[in-house]
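Let's take a friendly walk through the inside of this protein and see who sits beside whom.

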Amino acid sequence: MIRVFAAAILMLLGLSANSDGADGLGDAARKEAKMVFYTSVETEFARSLTAAFEAKYPFIKTDIFRSTHDKIFSRMNVERQTSTYTADVMSVGEFETYHMQKKGFIAPYKSPFAASYPEGFKDPNGYWTDLYDNLIATAYNTTRVKRDEIPKRYEDLLQPRWKGRMVLDQNEDRWFANMLYLMGDKKGMEFMQALAKQDVAIRGGRSLVTQLLAAGEFDLQIVAYWYRPQLMKKQGAPVDWVAFEPAIVALHPISMVQKAPHPNAAKLFIDFALSDEGQKIFIQRGRESAKPGLKPEGYPANLKIAPSRVQLAEKLADYSKQFDAMFVRAR
């Protein structure tokens, strides 16, 4: 009876019986009172996530260090060399996460909220879980591409009609690596060599490229993150998209840092980020969640997807050289 009454009081106060986290995690995090988040996530999303976390757990103050993947990796290296441990939680790209794990920079934590995430979107040993992902689509200018021209698969891009009409960002080595893995090295290289002969334009900045596409500078963007053309389409821009199966999904994992100074607050933050409540922060802003049943408006249903294979990070330098030689330096 007393427990029921206490739960009712908590509900009246806008809290929940588990608001401090399961199994006493919240009590331990309360004593730490702080959580430091290193991330390459856009500042808006990082701040929205930490603000919602602080609103739910006001006894924890959060700090954010937001930078590029490379700078975060360098900072972690320096901190390890000097035995100064600052970060509690980290979220960078899937290939950087792979190298962070190999370096011993991240620690395993099997969040109970990760259980529902599909295979390929989490490490089986708990070192990382996908915080959000980016579906790779192909975008096109609707005023310059006729309806009967719209490609249905990557091989359609090799048709003569597309020569000189397409564009790629200069940093698509990860897409290149995943394509070779999915197609098989031999068939994949044959496809890429044929694609390179299509006089593909190379520009810097994937989002900028999508804006140039809308302005009519290009007819088709081979690799676009789905949310960008989808948002521009909703805003009335002459842009649409198509996803070729299996559609590659770029990951952005979240991990607990090895020797985190505030380990319990770190676990509580990861739990929150992976919960429906945390994931909806991304969904409401048009971004994608790996969590089943949580997708933004307009996301393609029943699409066969292939999560980016993190192990490809082992040979990324080789893939980068091949991509540059074939597409970038050849221009």
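In this predicted model, Ile222 has plenty of company from elsewhere in the chain: leaving aside neighbours within four places in sequence, Ile222 is in contact with Ala137, Thr138, Tyr154, Leu157, Met166, Val167, Leu168, Trp175, Leu195 and Val200. Ile222 also belongs to the largest nonpolar core, a set of 84 residues. Among the members with the most contacts inside that core are Tyr154, Trp175 and Leu195 as well as Ile222, along with Phe176, Met192 and Phe327. Helix 10 (residues 263-274) supplies the largest share of this core, eight residues. As a general point, nonpolar side chains in soluble globular proteins tend to be buried together.

Trp175 and Phe176 lead us to helix 6, where both are buried. Eight of the eleven residues of this helix (residues 173-183) are buried, so the rest of the structure largely encloses it. The buried set also includes Asp173 and Asn178. After helix 6 comes Gly184, with a positive phi near 95°.

Another buried spot is in helix 11 (residues 276-283), which holds Gln279. How accessible is Gln279, and what does its side chain make a polar contact with? The table has both values.

| Feature of Gln279 | Value |
|---|---|
| Relative accessible area | 0% (buried) |
| Polar contact, side chain to side chain of Ser289 | 2.5 Å |

Not counting residues up to four places away in sequence, Gln279 touches Tyr117, Leu131, Ala273, Leu274, Ser289, Ala290, Lys291 and Leu294. Ser289 is thus both a polar partner of the Gln279 side chain and one of the residues Gln279 touches.

Technical notes: Residues are numbered from 1 along each chain as its sequence is written. This is a predicted model: local features need pLDDT of at least 70, side-chain atom pairs count only at pLDDT 80 or more; totals for chains, interfaces and linings use all residues. Side-chain values use heavy atoms; hydrogens and water are left out. Buried means under 20% relative accessible area, exposed over 50%, partly exposed in between (1.4 Å probe, protein chains only). Helices (H or I, at least four residues) and strands (E, at least two) are DSSP runs, numbered from the N terminus. A nonpolar core is a set of buried Ala, Val, Leu, Ile, Met, Phe, Trp, Tyr and Cys residues joined through side-chain atoms within 4.5 Å. Contact means heavy atoms within 4.5 Å. A polar contact is a pair of N or O atoms within 3.5 Å; within protein, one must be able to donate a hydrogen and the other to accept it, and residues adjacent in sequence count only if both atoms are side-chain atoms.
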